[in-house]
Amino acid sequence: MPPARCDPLLPVCEPGTSLPIIMGCGTSVATETQGKRVETGVAGLQWSAQSVAGSKDGTVKTPTPALTMKAAVLIQRWYRRYVARLEMRRRYTWNIFQSIEYAGEQDQLQLSSFFSFMLDNFTQLNGNGPDLISQLLDPVVDPWLDRETCYNLIPVPESYTGPRLSFPLSISDTNALLSAFKEQQALHARYVLQLLYETKKLLKQMPNIIHLSTSYTKEITICGDLHGRLDDLLLIFYKNGLPSAETPYVFNGDFVDRGKKSIEVVILLFAYLLLYPDYMHLNRGNHEDHIMNLRYGFTKEVMQKYKTHGREILQLFQDIFSLLPVATVIDGKILIVHGGISDQTDLDFLSSIDRHKVKSALRFPRRSLEQLDLGQSCRQAKRMRSTDSSRPSSSRSHSKNQRTPNLRKRRCGLSRQDSAASTSSSSSSSSSSSSLCSPRTPSCLSPRPCPSSPSMPYNINVLQVPFLDSLSSVPPPLPPQHEREWKQIVDILWSDPKTQEGCSPNTFRGGGCYFGPDVTQRLLLQHGLQLLIRSHECKQEGYELCHGGQVITIFSASNYYEEGSNRGAYIKVGRELVPRFYQYQVSRTTRKLTLTQRVRAAEGSALKALKEKLFSHRTELMAGFQQHDQNNTGNVSVSEWAQVLESVLRLDLPWRTLRPHLTRLAADGSVEYQSCFEDMEAGIPLPQVTPNLADTLFRYRTDIEIIFNIIDKDHSGLISTEEFRHTWRLFSAHLGVDIDDRAIDDLARSIDFNKDGSIDFTEFLEAFRVVHKLDNKDQQLNGKIDGEKYS
């Protein structure tokens, strides 16, 4: 944690008062006292009212050294408390943002599981068959796109005023792109497609791991996540120079999603890659993934900006993302990957895989027990266990109120349908536990380490498998090649470092693993490396060192969570291989704000998001509160309130510290738990919706929007009531949510406002948007003021 800076926003009292005059450390103060000017430093900023006002003869008394020292100590204590409170607010604000972000990634993994669930059950939506989702997950290449010159068939009107690119690109083309994007101009679809085709051809020739040398250049600049922040990219280019032979760059993934200028960012990066393929290098991040793009905005952005050719552009992006290199090595000493490593990371094996086969790291490759070839008895044991004690491994179970905080530790992402298990039952009986974090051994193979090595942490040398009436020890089967390739890429893109030793599933994100300093040390020694540079995590200062300085996290998107929430940074590495850090913050308003004002703004935004989370889990929370409130008093103790919140939301937040911002206390010190939801309401109340269904709609609103956008192939904003019903039945079955078919039918009829058999799902989703009542009042007040202004 960097040392706290002195904040100039401290109280300053007028001359002639008895209160102390306080300014920032080391500041000189000048005051007028009874016509005489007195200048003093921070050490003498308090004296008695009589001294300030002066005696009758007009003289000013000098404070004694003891009084001066006492004043200085009081000021120091006050300031330290002030800084400590401010730092506490910064930390819990950060924790809220990060917990909600990672919870969203877990929800995305669950949505990916739902897509697979639809494929496994051969979903028939309006006669379209499985192509509805399979086109998204495993799209068939459009014959039109197969033709290399298909972009020539797209006319560019004379009225188009944007840049007109010619290939191979020149410096004038990249300069034209920079100027156009600064002026909010869009690149025509014809040039976008052509640029993407050229990028795809170039990436096909590149290896999985790029090797660079500082012997040909003075320094190499390494940038972290950009997430569609065009202003951050332009500021980096302004401060550090445009990509060139003298200024080579490595951009370490996550170019797209979340920000509003993802298409502009990635086009600029690809343009410089084509212009300087030896000096511009791009690693793949976990957001260079078409399934992640569905939730976090890139897909929607492309379809809004390129309505006619959006699908063709997205399909090319999907191919390009899978062709991006996954790692870069500088001088054989510095390894650069987006996420991290695991104890199974093998750079030699990673160099040999077909990276383009992993279109999405969110899709777990299938693996049946037949592939393990361990005999019929094992398969029988598998079926017996699955029928006796199987439970759905999707993250939400049927009995939601019985979940505990420990459930989060067990929950690890994707649930997949086991092709070897019985398919006659519903999703709740056919789901098998296959973690995105690390592929699990089938349940019939009970892994037991050899007695000679009882402390073996992660690798298993012997499996005990049933054979006839006894257990036999056999070597564990190697996973199939495609599964090993998939896991290598998942660990590289999704993992995070931790301070504890060892390697464990990344339960917080739901993908990759946590790797400790021993795992880092082992990999560096194995490959003769000395430093690991990664991104993937937002840091308040833009960078962070861990594992004894052997792991550096670099993050280049400033103001990631909220205006003023964090700085961006980049690294420069020269021939001596000593990293130097450069920080910045893009903002038109942040510079005018004090530290206190920045913390207050970020805190307000974080608490607002947290309250929306509470509202979307209202039914579960109320059920939990009422279990502790047997007499229906409406009150529970603070500890019970915090326990219920953590057991339902599993956000690992300091609930007691946050309590004053979320709820009220009764006179006896207990919590009035219904006050948690007072500040929020539904966008458009629908009285026909049952509370259970409404709660589900609020919670999975983003997922529903993604699914409906897939169904709405012509982007009309309308879907048929039958498509709506069928999708909801599948979705509720997959989630294990007990929603009656009649409630779904009633909902479909109620939102078919003009009774034409189609549903405007934009209006439907608006009804299930959490609205803050205070925001509504402000909007109404602003509307009234505007009405009076123009009346």
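## The chain as a whole

Of the 791 residues in the protein chain, 53% count as buried. The model you are looking at is predicted, so let's walk through it one region at a time. Its secondary structure comes to 28 helices and 28 strands.

Contacts also tell us how the chain folds back on itself. Take the contacts in the protein chain with a separation of 6 or more: residues 24 or more positions apart account for 72% of them.

## Helix α11 and its two partners

General background helps here: two packed helices are described by the angle between their axes and by the distance between those axes. Try this with helix α6 (residues 189-204) and helix α11 (residues 310-323), which pack at an angle of about 20°, with axes 10 Å apart. Angles under 35 degrees count as roughly parallel, and α6 and α11 are therefore roughly parallel to each other. Their crossing is left-handed. On the α6 side, the residues that meet α11 are A189, V192, L193, L196, Y197, T199, K200, L203 and K204. On the α11 side, E312, I313, L316, F317, D319, I320 and L323 meet α6. Sorted by class, this contact of α6 with α11 has 11 nonpolar, 1 polar and 4 charged residues.

Helix α11 also packs with helix α10 (residues 298-305), at an angle of about 145° and with the axes 8 Å apart. The crossing of α10 and α11 is right-handed. From α10, the contact uses F298, T299, V302 and M303, while α11 brings G310, R311, I313, L314, F317 and F321. By class, the contact of α10 with α11 has 7 nonpolar, 2 polar and 1 charged residues. If you look back at the α6 contact, you will find I313 and F317 there, and both appear in the α10 contact too.

## Strands β18 and β19, and the loop before them

Now turn to a hairpin. Strand β18 (residues 543-546) and strand β19 (residues 551-554) run antiparallel and are joined by 4 bridges. In one of these pairings, L545 has I552 of β19 as its bridge partner. The hairpin has 4 residues between its strands, and H547 takes a positive phi near 55°.

The loop between β17 (531-534) and β18 holds H536, and S535 is found in that loop as well. Is S535 buried or exposed? At 0% relative accessibility, S535 counts as buried. Leaving out residues up to four places away in sequence, S535 touches C223, G224, D225, N252, V337, H338, T553 and I554. H536 is buried too, with a relative accessible area of 4%. Its phi is near 80°, a positive value in a residue other than glycine.

## Backbone details to look for

As a general rule, most residues other than glycine have a negative phi, and most peptide bonds are trans. What value does the phi of D257 take? The phi of D257 is near 80°, which is positive although the residue is not glycine. D257 lies in the loop between β5 (249-251) and α8 (262-275), where D257 is buried, with a relative accessible area of 0%.

For a peptide bond to look at, go to the one from F167 to P168: this bond is cis, with omega near 0°. P168 has its place in the loop between α4 (143-146) and α5 (171-182).

## A three-stranded sheet and residue L662

Further along the chain, an open sheet of 3 strands has the order β22-β24-β23, with antiparallel pairing. Which strands form its edges? The edge strands are β22 (635-636) and β23 (664-665), and each pairs on one side only. Between β23 and strand β24 (residues 671-672), the antiparallel pairing runs over 2 bridges. L665 has V671 in β24 as its bridge partner.

Helix α22 (residues 655-662) contains L662. L662 is buried, because its relative accessible area of 4% is under the 20% cut-off. Which residues does L662 touch, not counting those up to four places away in sequence? They are L607, L610, K611, L614, W641, W655, S675 and C676. One of them, L607, is 55 residues from L662 in sequence and 8.0 Å from it in space, C-alpha to C-alpha.

Key. Residues are numbered from 1 along each chain as its sequence is written. This is a predicted model: local features need pLDDT of at least 70, side-chain atom pairs count only at pLDDT 80 or more; totals for chains, interfaces and linings use all residues. Side-chain values use heavy atoms; hydrogens and water are left out. Axes are lines fitted to C-alpha atoms, for helices over the stretch in contact, and angles run from 0 to 180 degrees between N-to-C directions. Angles under 35 degrees count as roughly parallel, over 145 as roughly antiparallel, 65 to 115 as roughly perpendicular and the rest as oblique. A crossing is left-handed if the near helix is turned anticlockwise from the far one by less than a right angle, and right-handed if clockwise. Contact means heavy atoms within 4.5 Å. Ala, Val, Leu, Ile, Met, Phe, Trp, Tyr, Cys and Pro count as nonpolar, Asp, Glu, Lys and Arg as charged, and the others, Gly among them, as polar. Two strands pair if DSSP finds at least two bridges between them. Buried means under 20% relative accessible area, exposed over 50%, partly exposed in between (1.4 Å probe, protein chains only).
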